Amino acid sequence: MKYFSTNKHSRPVSFREAALQGQPDDKGLYFPETIPTLSADFWRDFPEKSKPQIAFEIIKPYIGADIDDATLFQICAETVNFDFPLVKITENIAALELFHGATLAFKDVGARFMSRCLRYFSAKKSEKTIVIVATSGDTGGAVAAGFHQVENVEVVILYPKGKVSTVQELQLTTLGANIVALEVAGNFDDCQALAKQALADEDLKSKVFLTSANSINIARWLPQQFYYFYAFQQWASEMENGKWKMENGENQKPQSKIQNPVICVPSGNFGNLAAGILAHVSGLPCEKFIAATNANDVIPQFLASGEMQTKTSVATLSNAMDVANPSNFVRILEIFGQNYLNLKEKMEAVSVSDETTAETMREVYEKYNYVLDPHGAVGFYALEKYLEANPEKRGFFLETAHPVKFDSVEKIVGTFGETPASVKDLFARQSQKVAIEGNYENLREILLQKV
Ligand SMILES: *Cc1c(COP(=O)(O)O)cnc(C)c1O
């Protein structure tokens, strides 16, 4: 498999090159030259397949010969070594809980897969690799945990002082070993600007191999397809077993009780949704995709009007989705052949205000005793609205992170729900961070010490 740049000005590269490089020189995004179709063999014993087996079969065509089969299977097994339960909340809505991994967010999947690919590729070269990543909260923790104690790789994380939650900061600062957490006096944009400056520093790059673990990296993006299949495996089995009432048979496939799910994805940079749509093109059954955004509504506006208007981002409760210009959206356009009408047929987009998000969190807790995090609440609400208008359908939304990661949840709902053991453990650990000003010289000095 080769990957081309969506800007078309860089040459096509292998998986290995695309994963190591992150972004093509022409500043496009890497995209696979063909989208594989899952074979009848894949589906025949799908209900019984293990998580690593599903992951391996999905990702194999994307990797080709760049990683041998035994190693690739091992990487898959390590990537998905936690649960992805589909939890029924109402008569027609379920939550796909993606928060049972190391840092309690879906980003663990992409980060674990990418770190293991980079470990494999760096073991074959003598140079040390420095991974630099700017984070507004969730990315940094997932990347840090994914790369923790990986030999030959150093990770430098930049996060904005006072702007990440209590649990997020502990996840960044308590690992130690090859992970350095830099607390930047500034905001997320300042962190990102610093990371970009380092990645463009030719003198530094002549001394050490420098890469970013940005969400646009294909090694983070492609594995996000896995859990859509885990969801469908549970969905189909629960339908077969009559857990979902089927009053209306119109949408059913002949000889099957399985009704395709509406899938709602709380979206910021649109990587998660783009992975779901990619999975669908490969064969994953899906009735409709709903992109749920917060007040940062460039995509809902685009779907309504056909015009992409750039805006500046606004701060919301679901802060991991405070993205003004979603970089992965170009991949979604690519999947639909840049055709706006094809896209509109398969996908809807909804913007949800902070007020509605908070109300949804309170209501879902009162009515169903389920604690949503603000991102999941955006997804729940968008799906609920869609199903009100389409009462014969059913669906699930992605619960992208555990509520305990967001300080606002306790204020709004009154509880975080059950606190995972890993969180209790965090508070007992030693926290270490280096405070830096927002100028590049500071960062450069720290990076040079790692060479
Ligand atoms: C990153 C993140 C999102 C947004 O995902 P995208 O792939 O950028 O659309 C949503 N929720 C949480 C909790 C996140 O960390």
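## A buried asparagine

Asn217 sits in the loop that links strand E8 (209-212) to helix H10 (218-221). The model it belongs to is predicted. Is Asn217 buried or exposed? Its relative accessibility is 0%, so Asn217 counts as buried. The cut-off for buried is under 20%.

Which residues does Asn217 touch, leaving aside neighbours within four places in sequence? They are Ala18, Ala19, Gly22, Met114 and Ser212.

## Two nonpolar cores

The largest nonpolar core holds 98 residues. Five of them have the most contacts inside the core: Phe15, Phe113, Tyr227, Ile332 and Met347. Helix H11 (residues 226-240) supplies the largest share of this core, with ten residues.

A second core is separate and has 37 residues. Among them are Met321, Ala377, Val378 and Val409.

Now back to Met347. Leaving aside neighbours within four places in sequence, Met347 is in contact with Phe270, Leu273, Ile277, Phe289 and Ala291. The list continues with Ile299, Leu303, Phe329 and Ile332. Ile332 is also one of the residues with the most contacts inside the largest core.

## Helices H4 and H5

Two packed helices are described by the angle between their axes and the distance between the axes. Take helix H4 (residues 69-79) and helix H5 (residues 107-123). They pack at an angle of about 150°, and their axes are 9 Å apart. Angles over 145 degrees count as roughly antiparallel. H4 and H5 are therefore roughly antiparallel to each other. The crossing of H4 past H5 is right-handed.

Which residues meet here? H4 brings Thr71, Leu72, Ile75, Cys76, Glu78 and Thr79. H5 brings Val109, Arg112, Phe113, Arg116, Cys117, Arg119 and Tyr120. By class, this contact of H4 with H5 has seven nonpolar, two polar and four charged residues. Phe113 appears in this contact, and Phe113 is also among the residues with the most contacts inside the largest core.

## Helices H8 and H20

Helix H8 (residues 188-199) packs against helix H20 (residues 440-450). The angle is about 55°, with the axes 10 Å apart. How do H8 and H20 lie to each other? They are oblique. H8 passes H20 in a crossing that is right-handed.

On the H8 side, the contact is made by Leu194, Gln197 and Ala198. On the H20 side, Tyr440, Leu443 and Leu447 take part. The contact of H8 with H20 has five nonpolar residues, one polar residue and no charged residues.

Notes: Residues numbered from 1 in each chain as written. Predicted model: local features only at pLDDT ≥ 70, side-chain atom pairs only at ≥ 80, totals over all residues. Heavy atoms only, no water. Helix = DSSP H or I, 4+ residues; strand = E, 2+ residues; numbered from the N terminus. Buried < 20%, exposed > 50% of the residue type's maximum accessible area, 1.4 Å probe, protein only. Contact = heavy atoms within 4.5 Å. Core = buried A, V, L, I, M, F, W, Y, C linked by side-chain atoms within 4.5 Å. Axes fitted to C-alpha atoms, helices over the stretch in contact; angles between N-to-C directions. Parallel < 35°, antiparallel > 145°, perpendicular 65-115°, else oblique. Left-handed = near helix turned anticlockwise from the far one by under 90°. Nonpolar A, V, L, I, M, F, W, Y, C, P; charged D, E, K, R; others polar.
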